[in-house]
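Work through the exercises below with the sequence and the model in view. Each task is followed by a solution in steps.

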Amino acid sequence: MHWLARQMLRLVVVLFCVTLLTFVIVNILPGDIAIVILGTLATPQDIAGLRADLGLDRPMLVRYFDWLGSALTGDLGRSYRNGEPVVQAIVDRLPVSLQLMVMAQVIALGIAIPVALLSVRRPGGIFDRISASAAFGFLAMPNFMLGIVLIYLFSITFDLLPATGFSPMSEGLWENIESMILPSLTLGLIEWTVLMRVLRSDLLTTLKEDFILLARAKGLPQWRVLLQHALRPSSFTLITILGLNIGGLIGGAVIVEQIFALPGVGRLLLGGIFNRDLILVQGTVSFIAAGFVVVNFLVDMLYAVLDPRVRYARFRN
Amino acid sequence: MGLFTRRFGLVAALAVGLAAPALAQAPAPVRGGQLTIGVESDFEGFDPVRAGVYSNSTVTAASLFYETLMRLDDKGNLLPALALSMTPNEDGSVWAAKIRPGVKWHDGTPFTAQAVADHFNRLLDPANRFAGRAYLAIEKVEAPDELTAVFKMRGPNAALPKTLAQPTVTTLIIPVKQATEKGADYNRNPIGTGPFVFKEWRAADRLVAERNPNYWDKDKPYLDRVIVRPLPDSDARYASLVKGDVQVIWEDRAENIVKAKKDRNLNVLQWVGSGALVIPLNTQREPLNDKRVRQAISMGLNRKANAAVLSQGLRPVYDDPYAPSSGIECKDNGALGYDPEKAKKLLADYGKPVKLVQTVTATPRGREGAQVFQADMKKIGIDVEIKPVDQTQLVKEALTRDFLVTGWRIIDLADVDPQMFANFHSKSPINFSGYNNAEVDRLLLIGRTSLDENKRKAAYCDLIKILNDDVVWLWSGSNIDFAITRKNVHGIPALRGGAVQVEAAWLTK
């Protein structure tokens with residue numbers, strides 16, 4: 001349990017650093033929420049008055065610790081722009097972002113694992129070379145461009161899916177999934193490339209191990225060797241990358257939510273940045289950072305589940 | 001009138017009820033249906049004090065629920081709305097609005113003159129810090145009886161009825177009692193007198209409104225339901241229209257507008273409003289405090305060629321900030337014209353090297369505009385350094401006159417007085433060019449106070465001659481707004497201020 005306590009402590013320290021850093025960065029951004037709210041005709045007196053009302057005339061550190069105190073009680077403040085509680089704004093939009101990221105991850109893994117397995121059957125073969133080229137092609141493509149291409153292809157040309165917008169589950173399961181296919185594909189089609197290359201590389205290493213030789217010597221068919229013996233020990237780097245890629249996925253979600261007009265956390269953040277709604281940006285970034293740290297913490301835990309050696313080492317220490 | 005397509009012009013004219021025999025054969029509006037509008041941004045909320053400013057997306061949504069006292073047809077003529085008429089006293093310092101009887105808020109309470117007074121007095125109260133009050137020139141509003149609202153102005157004012165007729169954050173009337181009682185909740189749950197009733201607002205996703213069955217204009221609205229969806233990416237917005245997910249979009253991307261004009265399934269609505277995109281010069285700072293330098297800049301700037309490049313030829317350029325929609329047409333506006341050789345001579349006469357810093361927004365649009373300015377100035381021997389800053393920083397620098405050259409916009413208003421007065425009167429707190437000219441002040445006062453429309457127009461023409469000769473601001477392009485609709489959408493009026501209003505819109509199959 002020592003290991004768990006250490007991890008928890010690390011989590012707290014990381015979150016403190018992230019929130020402080022975010023607060024500093026957000027506060028040194030040029031721009032002024034008072035001007036955003038009051039408009040171009042505001043008098044300097046009105047601007048100063050509104051800044052005082054919002055508490056923005058106090059020193060940065062005082063404001064940070066005020067915010068931190070409230071955040072610890074679950075109150076991330078209210079949007080300067082429209083008075084909406086930040087926690088409420090995040091909670092309302094979180095399901096959309098989570099669904100987007102989960103579906104993107106499923107699509108990415110759904111492509112990456114079979115392609116990697118097929119590639120290592122004949123390394124350097126035609127399939128391996130084509131899949132590598134395709135991976136690099138997708139990797140090089142910016143997601144805002146891929147999103148538009150997918151819209152033109154699947155919405156306009158083939159008229160299969162809606163171009164933009166989100167349908168909640170309350171409007172029907174298929175309507176909901178239908179509205180998320182193109183956004184998830186946009187993220188997933190870029191995400192799978194790294195996963196596939198990492199898994200392929202680890203599979204090739206694993207396939208040189210003695211136990212694989214033994215399995216083959218026993219006469220097991222190739223697919224059983226790959227699926228039952230090689231895949232699990234080759235998936236550690238994949239899992240690490242999955243955890244670390246959450247950051248990239250969140251970054252991608254910000255753009256994809258904007259293109260497809262999805263009411264998610266990414267779009268909330270972007271709106272907050274454009275409007276210099278510092279408290280909203282602070283709350284959203286802190287929430288995302290906490291999510292990122294927690295996911296990676298869980299990934300760390302997953303090693304122990306997958307590999308008894310890790311489990312043993314942790315509990316022995 | 002704006003440059004509407006011919007067909008749209010016909011439909012819109014019919015929809016606003018203009019009596020014109022030539023239009024008699026236009027199809028009659030059809031009742032029913034759902035219209036989805038794609039706009040650029042999410043809505044700030046519907047309490048002007050809380051929201052502060054409205055984007056054109058918010059005005060589009062707010063016009064579903066709220067109304068103005070008067071309205072404008074596409075030619076700029078005043079029509080009754082919540083007020084049946086507005087009558088001035090002898091010198092225009094007091095205006096009496098006769099309120100339409102029988103109008104009710106969506107919650108069933110009657111709409112009275114007191115509601116009008118409460119709305120405007122709330123905005124005028126300095127404690128509420130509503131910045132738009134600077135435009136209004138209203139001292140206070142009183143309600144001597146249920147159906148008369150009396151506007152007491154800070155001085156004679158001819159522009160009030162038209163100023164109150166264009167839907168803006170200031171002029172769309174909200175119920176103060178309900179707004180105050182509900183606080184922040186009201187901002188997200190609007191109640192108005194308008195043609196549609198609020199149903200649902202899913203932030204960043206959609207706003208849903210349904211037909212107001214108790215609307216005072218019994219024939220309208222024609223639509224049963226309107227959905228407004230914020231679609232921030234212009235390509236995706238356009239794709240949604242082509243796919244048919246939405247039936248109307250506001251659009252500003254030239255490529256999409258050019259494409260839409262060639263698409264048989266789409267109509268492009270176009271409105272050139274008053275005001276302009278402008279390049280203000282700080283006349284109080286060296287070297288711009290020398291008229292020769294300012295004139296050289298004006299003559300060295302190929303505004304028409306630049307606007308053609310930047311907008312693919314869609315944005316007209318005028319030599320004044322009036323545009324045909326303002327109704328002010330000047331035979332001689334004193335424009336200096338493009339003459340780089342003469343500009344060089346003026347600079348030679350000035351005798352010192354000229355270096356400028358142009359403060360622009362750190363956006364592709366801001367940078368592009370600055371780059372063409374920089375290139376033109378280089379040709380006449382002026383060095384321009386581009387300083388990209390955040391938009392709010394630009395505003396701050398402009399208001400504190402901490403700039404040499406910047407970028408700005410005179411917004412599209414039905415009457416040019418509020419903007420012209422604010423920008424060029426020597427006593428105006430937002431005259432950020434620091435321009436001080438007694439004759440200009442005199443002409444601005446005529447424009448503001450004279451009840452004789454011809455006298456006002458003449459004053460504005462005299463004014464522009466001085467401003468063009470003195471080169472205070474450069475007019476770099478007109479205010480132009482576009483909306484693209486599916487072919488079956490009819491009855492959308494002029495896109496004043498970029499807002500899409502659908503009170504009279506209707507659909508064919």
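**Exercise 1. Describe the overall build of chain B.**

Step 1. Count the elements: chain B has 18 helices and 19 strands, where helices (H or I, at least four residues) and strands (E, at least two) are DSSP runs numbered from the N terminus.

Step 2. Check the compactness. The radius of gyration of chain B, taken over C-alpha atoms, is 23 Å, close to the 23 Å that the globule rule gives for 509 residues, so chain B is as compact as a globular protein of that length. The globule rule is 2.2 Å times the number of residues to the power 0.38.

Step 3. Take the box along the principal axes: the C-alpha atoms of chain B fill roughly 70 × 55 × 50 Å.

Step 4. Note the burial. Of the 509 residues of chain B, 54% count as buried; a residue is buried if 20 or more other C-beta atoms, placed from the backbone, lie within 10 Å of its own.

The model is predicted: local features need pLDDT of at least 70 and side-chain atom pairs count only at pLDDT 80 or more, while totals for chains, interfaces and linings use all residues. Residues are numbered from 1 along each chain as its sequence is written, and chains are lettered from A and ligands numbered from 1 in the order in which they are written.

**Exercise 2. Find the domains of chain B and describe where they touch.**

Step 1. An automatic or database domain assignment gives domain 1 (3-18 + 28-265 + 487-507) and domain 2 (274-479).

Step 2. The C-alpha centres of domain 1 and domain 2 of chain B lie 30 Å apart.

Step 3. In chain B, 20 residues of domain 1 are in contact with 19 residues of domain 2; contact requires C-beta atoms, placed from the backbone, within 7 Å.

Step 4. On the side of domain 1 of chain B that touches domain 2 of chain B, H10(B) gives the largest share, three residues. The residues of that side divide into 11 nonpolar, seven polar and two charged. Here Ala, Val, Leu, Ile, Met, Phe, Trp, Tyr, Cys and Pro count as nonpolar, Asp, Glu, Lys and Arg as charged, and the others, Gly among them, as polar.

**Exercise 3. Which helix supplies the largest share of the side of chain B that touches chain A?**

Step 1. The contact takes 37 residues from chain B and 38 residues from chain A.

Step 2. The largest share of the chain B side, six residues, comes from H9(B), which spans 234-243.

Step 3. The chain B side divides into 17 nonpolar, seven polar and 13 charged residues.

**Exercise 4. Compare the burial of H9(B) with that of H9(A).**

Step 1. H9(B) is mostly covered, with seven of its 10 residues buried. Among them are Arg237(B), Tyr238(B) and Leu241(B).

Step 2. The buried residues of H9(B) pack against elements of both chains, including helix H7 (143-157) and helix H11 (236-259) of chain A and strand E17 (473-486) of chain B.

Step 3. Helix H9 (residues 210-217) of chain A is hardly covered: the count of buried residues among its eight residues is zero.

Step 4. Look past the helix ends. Gly244(B) follows H9(B) with a positive phi near 95°, and Gly219(A), just after H9(A), has a positive phi of about 90°.

Notes:
Contact = placed C-beta atoms within 7 Å. Buried ≥ 20, exposed ≤ 12 C-beta atoms within 10 Å, placed from the backbone.
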